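User: I should like to go through the assignments in this structure and hear the reasoning behind each of them. Please set every value against the rule that applies to it.

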Protein chains: 4
Amino acid sequence: MAKLKWGMIGGGEGSQIGPAHRLGALADGRFEFTAGALDHRADVGRDYAKRLGVATDRAYGDWQEMLAGEKNRDDRVDLVTVATPNATHFEITKSYLESGFNVLCEKPMTMTVDEGEAIVRIAKLTGKICAVNYCYSAYPMVRQARAMVRAGDLGKPRLVVTNFSHGHHGDATDADNPRVRWRYDPATAGVSGQFADCGIHALHMASFICDDNVEKLSADFASTISSRELEDDAMINFRMTGGTVGRLWTSSVAIGRQHGFDIQVFGETGGLRWASEQPNQLIYTPVGGRTQIIEKGEPGLCEDTQRLSRVAIAHPEGFPLAVANIYCDLADAIRGEMRDGLPNASDGVRSMAAVHAAVASAKEAGVWIDARPPMFR
Amino acid sequence: MAKLKWGMIGGGEGSQIGPAHRLGALADGRFEFTAGALDHRADVGRDYAKRLGVATDRAYGDWQEMLAGEKNRDDRVDLVTVATPNATHFEITKSYLESGFNVLCEKPMTMTVDEGEAIVRIAKLTGKICAVNYCYSAYPMVRQARAMVRAGDLGKPRLVVTNFSHGHHGDATDADNPRVRWRYDPATAGVSGQFADCGIHALHMASFICDDNVEKLSADFASTISSRELEDDAMINFRMTGGTVGRLWTSSVAIGRQHGFDIQVFGETGGLRWASEQPNQLIYTPVGGRTQIIEKGEPGLCEDTQRLSRVAIAHPEGFPLAVANIYCDLADAIRGEMRDGLPNASDGVRSMAAVHAAVASAKEAGVWIDARPPMFR
Amino acid sequence: MAKLKWGMIGGGEGSQIGPAHRLGALADGRFEFTAGALDHRADVGRDYAKRLGVATDRAYGDWQEMLAGEKNRDDRVDLVTVATPNATHFEITKSYLESGFNVLCEKPMTMTVDEGEAIVRIAKLTGKICAVNYCYSAYPMVRQARAMVRAGDLGKPRLVVTNFSHGHHGDATDADNPRVRWRYDPATAGVSGQFADCGIHALHMASFICDDNVEKLSADFASTISSRELEDDAMINFRMTGGTVGRLWTSSVAIGRQHGFDIQVFGETGGLRWASEQPNQLIYTPVGGRTQIIEKGEPGLCEDTQRLSRVAIAHPEGFPLAVANIYCDLADAIRGEMRDGLPNASDGVRSMAAVHAAVASAKEAGVWIDARPPMFR
Amino acid sequence: MAKLKWGMIGGGEGSQIGPAHRLGALADGRFEFTAGALDHRADVGRDYAKRLGVATDRAYGDWQEMLAGEKNRDDRVDLVTVATPNATHFEITKSYLESGFNVLCEKPMTMTVDEGEAIVRIAKLTGKICAVNYCYSAYPMVRQARAMVRAGDLGKPRLVVTNFSHGHHGDATDADNPRVRWRYDPATAGVSGQFADCGIHALHMASFICDDNVEKLSADFASTISSRELEDDAMINFRMTGGTVGRLWTSSVAIGRQHGFDIQVFGETGGLRWASEQPNQLIYTPVGGRTQIIEKGEPGLCEDTQRLSRVAIAHPEGFPLAVANIYCDLADAIRGEMRDGLPNASDGVRSMAAVHAAVASAKEAGVWIDARPPMFR
């Protein structure tokens, strides 16, 4: 089977996200790196792409040039990854979808809810794939968690509790470091800081595992480092359409937490816990029974989990291969086998609606606000 | 040094709390069990007290009889523990204080804020000790945490995050079990279920370690088992007087959590974490540095921690000896050396004010409410 | 029920072991501290005993005086604890047994196998209780482990792997500290250092949980700090009578391990793990199934475990209450209900035989040696 | 920079090892999959290679055909991976080296010490790279551990303790499963079962981190499932050239252990611990200080660790990327920058010598035996 052709926009030399996507796309041998517009400096980007093995005529200077170049080729790329600064995601994603490309967009998919709804409509109209890189949902044991909820192993979910907290922005003396500061400046980050950056992954995962959507929320934001205009700590209480109660804490000043992203789901007949720093296990307790450790690779896990695991039980698989799992799902989807777990434009717009709802709630002392995009009300 | 004389009200045969207090009082040999009114059935209580070694003339039928019997003795008890049903705490505690006894009251100290304020005033007036059994604060490593905050090891505390969650009331088919049901029935439990039962320990500990008081709060309550009138899950956002942001989650339907009581404090220059299921360690991270494990028994811990540890490093000490530490502090206080860490009537009334504030907030969609007793505003 | 009368020899002011025994004896209210010869300096010991509440006429100057004083009293002590320097255990234990006292002897019970066999014979002859303080075996979840092995939950045990390692003697610059040095000097410690001090607890526990005896062993000793005559690190391979394979590692130079005492038992149909730093859980895996966490206090545990637990599930109980459990078993035994789990003189002599076998094996490059006392061959 | 050309022998469809090597070679984009002889059935192997994107003329029927085809090409493969059954490793590796290819050989490199020494000599003579896939040594934090030992952070290593235990062969009813049985049958596995299969990884890592070689050893083997001719559980005591004491336990009947591979190194001034199920942390304790958690991605780690990490702190990287790290080192080595950490033919023959020494020792009741290949004595 020939490899699929893959192009990337952004992710230039020195970025973290570029190598993560390249590894994700290449690791399983289903894509080849065919085209790229990797840097906002045209020559730098072309040069870097060539060094990474892209043919000279497909090493582009910017995304417009790449779009013009690729759209008329018979051997056009099968998938374009958008890994540019946040504010540009909408325009690029829109343009590529409209020209008939499949797209994997980094989060956030857009900056506004309107833009997000536009992307959903365009994706539907064109029939093209628009995926969003909520890559944590592609960890094998997260897929298992969702399968267990769907299978009724917990009964109806009553409560979901999730955290995404770290302390890497906890040093006030480092707060002016440009790599930190932009996240708390509305001019660069938009309406929200830590919630939009990290919390939104947790909110997506709550929806993903519970197989339900956030309906309304109440938020409490804090800028614990007072020079920050945007929040560095947030608590979101929410309710899902099916009635599940949600609690989400996110922080960037939790000194000592490294990557404290975890989720617990409690239902009528059992509870589950998963933590991103120990991603190959799922902790399960049936009501009235003992806590059990479910291991990636044990017999009897769901099809999705088996498909997205590469090595035997207790051989850890980490974050880069969760990204690779998104590409596995995309390769299948491009080949015609849509994978139910692949996060898409609807997920993207729901996240954006939740961010804006949380910001509005926090400004109004935690008033409860509808968190759904208008199109999904 | 002669032992101090100790009496107990409540804690009859078959209760959990009775043996915990007896062990706490006797373990270190500083008290002898001298008097008791252990059961609401007078004869049963007298008989049980005698079997536990109390002299016949001090094995009483009820608390009034005990009060009458003890107050005129020259060798009256030095301390009375009140471990009766919650609604009776106020009257008993008040009566004993007024007759010049030192009291250790189980939590909640009272059912209302007014009653709580009354106890504070009486204790002050009489000069007697009125302690409240927030026993978790007497774990050696919790004392160490407070000492570190006071010493400035974290800088100013920005954020405190605490949970007290378990799943032992998560089985709806067991919800009518009388041992479970009373906690969710206003007739027996008062205005709050899980928050008043467990969450209040977490709130006390936040104040205790941060050495600050809760000023205002916003609450979200849920009865995830719909037959319950009172909440079985609650989230409290709060602010302390000094500006510290607080987050508190408590649940009794978190199936798989056994005794999920933990606390994290994050300040300007470091973070701390303590968990009640692993109480002999404290996890500390200085900003920009590595996470360290502080062990009970290591050199250099604070005086309070050393005084309240009994065995060498890494020999675990558990919950019953945290209760015993309260009695150690009480013995010292009765001997004239008041211990700063001993929870007192002010803690009791602050807790009650927070419970009532949370209930009011939850009823009003999370509106922020002053959580202080009027006397401390 | 009147309290039993308890006397202690050794455990003077400033020792660690004295308070541990007093707490163990007093915590559950079954003994009163009636007599003592607490210090090798007669006056100091008498004074300390009196300060601890012992009546003047039973505050003795040495063990001989106490023996003379107690043996003719009608209200003689029901139990004598021997917590003196190791080399004196034999003579004191022997003398008290011969005079008809029940004894709890600290480990090691004796210095030689011959002495150990003598104690076994005397205990049998007199019908008195001679217990040895292998207190780890009295942790509730250790009792549960043994009950599960006996119930066949693991099938026949194939393999037992146990470690007792710490790093508290790992600092060569502290090696001349008298509190450390004596353990590695044959003049004070006898034939073995770390194995006799800590390893023997692990060996006892292997026998205890597997309900079997060590038959032969092969040892590798090392003095990793070269100035030490006795070993500070040892590995013992052994075989039990029933064929179970054993592995035991013990070290005092494992810097970073605090109290690394754990045990794993693997049988035909399952595996168990217990660790002394997390003593309230037992980790169990049925063959082909998931790993489960068994919690102290969960429903359905064995009678012994229930009897020796004091507080509800997930409220930790630690080392001092394991010691207290030995006293609970002793109180029952004195009252006529012998507890099967109580370590006795046979355990004591088996340990001593294993120590001598290990020393001999280590000297002969690990040759396999019969580890049984002659009387049990 | 053009990609290097890579060929694989063995690793056919359905094997675990084939995908692991392909991912390892492709993930970082430094190799392309150019040639293959993937299956002992020529047509099946050719077909599979073509499906994986190998050109028809380089999809070979067996290793001899591939050798003949590649050796005369100007664009011959830069690296050949040998992932065939163990008994064939020697002949294939030898032949490719002699024809001037670089080789990555799966473990065991050979079946005998003589063969191993032959490979060392041939590699030296030809100047070609002969690497052996001790991939655990390529985990970033294992490299950090070695760097810390080399930097003297532990002082002189006194003691290394390592385990590699699992329970996946613990079910006697599954012992005749061909995927299990071959490992305990001398006809297929050679002289050793579990020690040669897993234990040897632990022994390599002890040498790797301590930067020293095993000099002599004493072994205790057991076939706890009695139908097995070869051992399923083994304990090895050893001494390194520099005097470090070693302890190694390996088991395949440790029911409940999934991938219990860990290592602890204790030196004069500190201790280290690493565990393969939590590979992104290293636990470090300086003598007299607190235990610290060192995180992959934290500032100041050694160059090797930084080079072989792909994603930010606390984003886990797992086993497949440890394999990829071997390929990273190989790509550098082929480009002329030999990486000191890359396991080579000397490691391969030392392992084989240790296996044979352990077997001989175990047969002679644990007699101590020189574990070095004659060429390194």
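**Interfaces, domains and buried residues**

Analyst: In this predicted model, 41 residues of chain D are in contact with 42 residues of chain C.

User: What makes a residue of chain D count as being in contact with chain C?

Analyst: The cut-off is heavy atoms within 4.5 Å. By that rule, 41 residues of chain D and 42 residues of chain C are in contact. The two chains bury about 3000 Å² between them, with 54% of it on carbon and sulfur atoms. Within chain D, Arg158(D), Ile255(D) and Arg257(D) supply 22% of the area buried against chain C, more than any other three residues.

User: Why is the pair Asp233(D) and Arg247(C) called a salt bridge?

Analyst: The rule asks for a side-chain nitrogen of Lys or Arg within 4 Å of a carboxyl oxygen of Asp or Glu. The side chains of Asp233(D) and Arg247(C) meet at 2.6 Å, N to O. The pair therefore satisfies the rule, since 2.6 Å is within 4 Å. Between chain D and chain C the count is six salt bridges, and there are ten residue pairs in polar contact, both residues being at pLDDT 80 or more.

User: Which strand gives the largest share of the side of chain D that touches chain C?

Analyst: Strand E8(D) does, with five residues. By class, this side of chain D has 19 nonpolar, 13 polar and nine charged residues.

User: How many residues does each chain bring to the contact between chain A and chain B?

Analyst: Chain A brings 42 residues and chain B brings 42 residues. About 3000 Å² is buried between chain A and chain B, 54% of it on carbon and sulfur atoms. On the side of chain A, Arg158(A), Ile255(A) and Arg257(A) lose the most area to chain B, together 22% of what that side buries.

User: How do you know that Arg247(B) and Asp220(A) form a salt bridge?

Analyst: The side chains of Arg247(B) and Asp220(A) meet at 2.6 Å, N to O. The limit is 4 Å, so the pair qualifies as a salt bridge. The count between chain A and chain B is six salt bridges, and the rule also finds ten residue pairs in polar contact across this interface. Several strands of chain A each supply at least two residues of the side that touches chain B, including E6 (157-165), E7 (214-222) and E8 (233-240). E8(A) gives the most, with five residues. The residues of this side divide into 19 nonpolar, 14 polar and nine charged.

User: Where do the domains of chain A lie, and what separates their centres?

Analyst: Domain 1 of chain A covers 4-134, and domain 2 covers 137-315 + 344-363. Their centres, taken over C-alpha atoms, are separated by 26 Å. Contact involves 18 residues of domain 1 and 21 residues of domain 2. The area buried between these domains is about 1400 Å², of which carbon and sulfur atoms give 63%.

User: What makes Arg310(A) and Asp28(A) a salt bridge?

Analyst: Their closest N and O atoms are 2.9 Å apart. This value is within 4 Å, and the pair is therefore a salt bridge. Across the interface of domain 1 and domain 2 of chain A the rule finds two salt bridges, and the count of residue pairs in polar contact is six. Helix H5 (113-126) and strand E5 (130-132) of chain A each supply at least two residues of the side of domain 1 that touches domain 2. The largest share of that side, five residues, comes from H5(A).

User: Why is Met240(C) called buried?

Analyst: Buried means under 20% relative accessible area. Met240(C) has 2% relative accessibility, so this residue counts as buried. Met240(C) is placed in strand E8 (residues 233-240) of chain C. Leaving aside neighbours within four places in sequence, its contacts include Ala206(C), Ser207(C) and Cys210(C). Met240(C) and Cys210(C) are 30 residues apart in sequence and 9.1 Å apart in space, C-alpha to C-alpha.

User: Is Ala37(D) buried or exposed, and what supports that assignment?

Analyst: Ala37(D) is buried, because its relative accessible area is 4% and the limit is under 20%. Ala37(D) lies in strand E2 (residues 31-37) of chain D. Beyond neighbours within four places in sequence, Ala37(D) is in contact with residues among them Met8(D), Tyr60(D) and Trp63(D).

Terms used
Residues numbered from 1 in each chain as written. Chains lettered and ligands numbered in written order. Predicted model: local features only at pLDDT ≥ 70, side-chain atom pairs only at ≥ 80, totals over all residues. Heavy atoms only, no water. Buried area = accessible area lost by both parts, 1.4 Å probe. Polar contact = N/O pair within 3.5 Å; in protein donor to acceptor, adjacent residues only side chain to side chain. Helix = DSSP H or I, 4+ residues; strand = E, 2+ residues; numbered from the N terminus. Nonpolar A, V, L, I, M, F, W, Y, C, P; charged D, E, K, R; others polar. Buried < 20%, exposed > 50% of the residue type's maximum accessible area, 1.4 Å probe, protein only. Domains from an automatic or database assignment.
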